[in-house]
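Visitor: I should like to go through this entry and ask, for each label, on what grounds it is applied. Please show the sequence and structure before we begin.

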Amino acid sequence: MAHAAAVAKPPRPPRRRRASATPRRLPYLLIAPAALLMLGFIAYPVISVFYYSLQNYNPTKPWRNGFAGFDNFTHIFTDNPLFWDTLVFSTKWVVVEVGLQLLFGLALALIVNQTFVGRALGRALVFSPWAVSGVLTSAIWVLLYNSQTGITRYLADMGIGDYGVSWLSDTSTVFSAAVVADLWRGVPFFAILILADLQSVSKDLYEAAEVDGASRFKQFLHITLPHLKDAIILSTLLRAVWEFNNVDLLYTLTGGGPAGVTTTLPLYIANTSVDAHNFGYASALTTVAFVILLFCSMVYLRLSKFGGEK
């Protein structure tokens, strides 16, 4: 009877297998190696800079190495006028460069966004300087500004100016010459980003504005600019950070001269670490520059209301 009762029992329903967590974790496992590498390459240098900023570290003078506390920072803010001079020039450089690059980049984007014969070739010519490296750009402009074979030689042949004039050696012209050289490479960056955003503007908006009698200027003011708001904010922020950290062009063109008038804060940091081997003090300067950039970026994004309503 027991055997018959056991046979009569209905079979148990099969257990539901718990969904494996592996498929859900698979994307994270796949990107984990790259993420760990990026974290290592980014986190380690940043932590090292913060660590050495609290140290006296100069490989050429090991007997002076050791913990310095906040002495490096105290020296920066209280006993180093060169820091303030380079910070002021860096601010001037960023404001002038980013402002002019935005203005010319916006103008170029509006031009190449129009329909005309040879537009593809025109766009390629406008964007080509952005493909040139910073060092190569510097080399090109060093040749153009050469007093014997460059622009000033040809101007002197036409009776404009004197022979042997070097714009990069004159304190009254070196800033303008450096600005022009960097504009040549920086303007296409704004033109590329703004043109990409311009092509997403609906043509129906312009047609409706024309029906209402709006002029081209009013269309630009009330349709184009509001649509470009986020692109302009993001591009100016990125370019401001890059221009603040610009070392290769100014180092190759002027080396920070003449008389140190074109020395930016990052160039001063590079000279302090590479030439003077004072890595502890250079790390403190880098930390200060990082805090300045972080604070200014946060304030800029806050005031500009990036990502908000257009």
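Guide: The following exchange sets values against their definitions.

Visitor: How do you know how much confidence to place in the model?

Guide: This is a predicted model in which local features need pLDDT of at least 70, side-chain atom pairs count only at pLDDT 80 or more, and totals for chains, interfaces and linings use all residues. Residues are numbered from 1 along each chain as its sequence is written, and side-chain values use heavy atoms, with hydrogens and water left out. The pLDDT is the predictor's confidence in each residue, from 0 to 100; the protein averages 85, and 92% of the residues score at least 70. Among the elements, helix H1 (residues 2-8) has the lowest mean pLDDT, 50, and H4 the highest, 93.

Visitor: What makes the span of helix H8 agree with its number of residues?

Guide: Helices are DSSP runs of H or I with at least four residues, strands are runs of E with at least two, and both are numbered from the N terminus. The expected span of a helix is 1.5 Å times one less than its number of residues. H8 covers residues 174-198, 25 residues in all, and should therefore span 36 Å; its end C-alpha atoms are 35 Å apart, which agrees.

Visitor: Where in H8 is there a kink?

Guide: The bend at a residue is the angle between axes fitted to the seven residues ending there and the seven starting there. In H8 a kink of about 40 degrees lies at Trp-184, shortly before the proline Pro-188.

Visitor: Why is H8 called largely enclosed?

Guide: Buried means under 20% relative accessible area, exposed means over 50%, and partly exposed is in between, with a 1.4 Å probe and protein chains only. Because 18 of the 25 residues of H8 are buried, the helix is largely enclosed by the rest of the structure.

Visitor: What makes a group of residues a nonpolar core?

Guide: The term denotes a set of buried Ala, Val, Leu, Ile, Met, Phe, Trp, Tyr and Cys residues joined through side-chain atoms within 4.5 Å. The largest such core has 29 residues, and those with the most contacts inside it are Ile-76, Phe-83, Ile-194, Phe-244, Leu-265 and Leu-285. At least two residues of this core come from each of helix H3 (71-78), helix H4 (81-112), H8, helix H10 (216-244), helix H12 (265-275) and helix H13 (279-304). Another core, of 17 residues, lies apart from it and includes Phe-89, Ala-178, Val-187 and Leu-249.

Visitor: Which residues are in contact with Ile-76?

Guide: Contact means heavy atoms within 4.5 Å. Leaving aside neighbours within four places in sequence, Ile-76 is in contact with Phe-83, Trp-84, Tyr-281, Ala-284, Leu-285 and Val-288.

Visitor: Why is Ser-90 called buried?

Guide: Ser-90 is found in helix H4. Its relative accessibility is 1%, so Ser-90 counts as buried. Not counting residues up to four places away in sequence, Ser-90 touches Phe-244, Thr-264, Leu-265 and Pro-266.

Visitor: Is Gly-99, also in H4, to be called buried, partly exposed or exposed?

Guide: Gly-99 has 38% relative accessibility and therefore counts as partly exposed. Gly-99 and Thr-236 are 137 residues apart in sequence and 8.3 Å apart in space, C-alpha to C-alpha.

Visitor: What makes the pair Asn-58 and Thr-60 a polar contact?

Guide: A polar contact is a pair of N or O atoms within 3.5 Å; within protein, one must be able to donate a hydrogen and the other to accept it, and residues adjacent in sequence count only if both atoms are side-chain atoms. The side chains of Asn-58 and Thr-60 make such a contact at 2.6 Å. Asn-58 lies in the loop between strand S1 (55-56) and strand S2 (66-67), and its relative accessible area of 11% is why Asn-58 is called buried.

Visitor: What is notable in the backbone of the loop between H11 and H12?

Guide: Most residues other than glycine have a negative phi, and most peptide bonds are trans. The bond from Gly-257 to Pro-258 is cis, with omega near -5 degrees, and Pro-258 is in this loop. Ala-259, although not a glycine, has a positive phi of about 60 degrees. At 80% relative accessibility, Ala-259 therefore counts as exposed.
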